Amino acid sequence: MRPMAKKKKTTLRIIPQNWLDPYNFKADFPHPEYPLEVDIGSGKGRFLAVRSAKFPEINFLGIERQLIRINSSGRRCERAGRENVRLFRMEGFYAISRMMPSDYVSNYYFFFPDPWPKARHENNRLFNPAFMDALHRTLIDGGGLHIATDHLPYFEEIHALLKSDNARFEEIEAFQPDDEERTDFELIFSHKEIGRCSFRKI
């Protein structure tokens, strides 16, 4: 019997030696001098693959906790020759609050974050005051936050949290992806109303 071929592992993975301190993610890109944009919960990489092609002068980091999605997005971006994409397998809160350097990120994208819809699970939601502190610390001045979700109660919660933090964040026109950039989740839930908002660091 012929042995099964091993699946190729993505070469776009970032695997730090130290998981406790801020990490210089830009150093893993061919052009570390380029601005860094971060896609939290990057899924299978549809947005990353398309967006990075349009903006080759920007580095894109996809953060995703599920290995199967990291591998899928890595293969997609490798096949497309996206040298300005890297993937980091980690839970979003820890990645940003503990490992992202200060004044570092130009834009964060949060598309369809897990809403944890059951009342007893709401404390697991990504957006909370501590996470807001981490976002503000890691964004450059004028850096942006772009959010989209089909779970409207969670959208209202996120929007209200950002709106009330008006000493640090200012609402701007909501980011609208074009048809090619829409994530797999958005395509699945395209029949539902989607809440979108964008803010920038003051």
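Read from the N terminus, the protein chain follows the pattern β-α-β-α-β-α-β-α-β-α-β-α-β. That is 6 helices and 7 strands. Helices (H or I, at least four residues) and strands (E, at least two) are DSSP runs, numbered from the N terminus. This is a predicted model, in which local features need pLDDT of at least 70, side-chain atom pairs count only at pLDDT 80 or more, and totals for chains, interfaces and linings use all residues. Residues are numbered from 1 along each chain as its sequence is written, and side-chain values use heavy atoms, with hydrogens and water left out.

## Confidence

pLDDT is the predictor's confidence in each residue, on a scale from 0 to 100. The protein chain has a mean pLDDT of 90. Of its residues, 90% reach 70 or more. Confidence is highest in strand β6 (residues 169-172), at a mean of 98. It is lowest in helix α6 (residues 184-188), at a mean of 73. Where pLDDT is low, the predicted coordinates should not be read in detail.

## Overall packing

The protein chain has 202 residues, and 47% of them are buried. Buried means under 20% relative accessible area, exposed over 50%, and partly exposed in between (1.4 Å probe, protein chains only). The accessible surface of the protein chain comes to about 10800 Å². Carbon and sulfur atoms supply 52% of that surface. Areas come from the Shrake-Rupley method with a 1.4 Å probe; for residues, only the protein chains shown count as cover.

Contacts (heavy atoms within 4.5 Å) reach far along the sequence. Among those in the protein chain with a separation of 6 or more, 80% join residues 24 or more positions apart.

## Strand β1 and its partners

Strand β1 covers residues 36-40, and 5 of its 5 residues are buried, so it is largely enclosed by the rest of the structure. L36, V38 and I40 point one way from β1. E37 and D39 point the other way, and they too are buried.

Two strands pair if DSSP finds at least two bridges between them. β1 pairs with β2 (residues 59-64) and runs parallel to it. In this pairing, I40 stands opposite I63. The chain passes from β1 through helix α1 (residues 46-54) to β2, and this β-α-β crossover is right-handed. Right-handed means that, with the strands pointing away from the viewer, the path from the first strand over the helix to the second runs clockwise.

β1 also runs parallel to β4 (residues 105-111). Here E37 stands opposite N107, and V38 stands opposite Y108. β4 is mostly covered, with 7 of its 7 residues buried. β4 in turn runs parallel to β5 (residues 139-149). V105 of β4 stands opposite L139 of β5.

| Strand pair | Bridges | Direction |
|---|---|---|
| β1 and β2 | 5 bridges | parallel |
| β1 and β4 | 4 bridges | parallel |
| β4 and β5 | 6 bridges | parallel |

## Cysteines

The structure holds 0 disulfides. A disulfide is a pair of cysteine sulfur atoms within 2.5 Å. C77 is buried, with a relative accessible area of 0%. C197 is buried as well, at 1% relative accessibility.

## Individual residues

E181 sits in the loop between β6 and α6. At 2% relative accessibility, E181 is buried. Leaving out residues up to four places away in sequence, E181 touches F47, V50, R51, K54 and F175. E181 and V50 are 131 residues apart along the chain, yet their C-alpha atoms are separated by 5.8 Å.

T11 lies in the segment before β1. T11 is exposed, at 60% relative accessibility. Its C-alpha atom is 8.0 Å from that of E78, 67 residues away along the chain.

Two backbone angles deserve a check. D103, in the loop between α3 (92-99) and β4, has a positive phi of about 50° although it is not a glycine. F112 is in the loop between β4 and α4 (129-138). F112 has a positive phi of about 60°, and it is not a glycine either. At 10% relative accessibility, F112 counts as buried.
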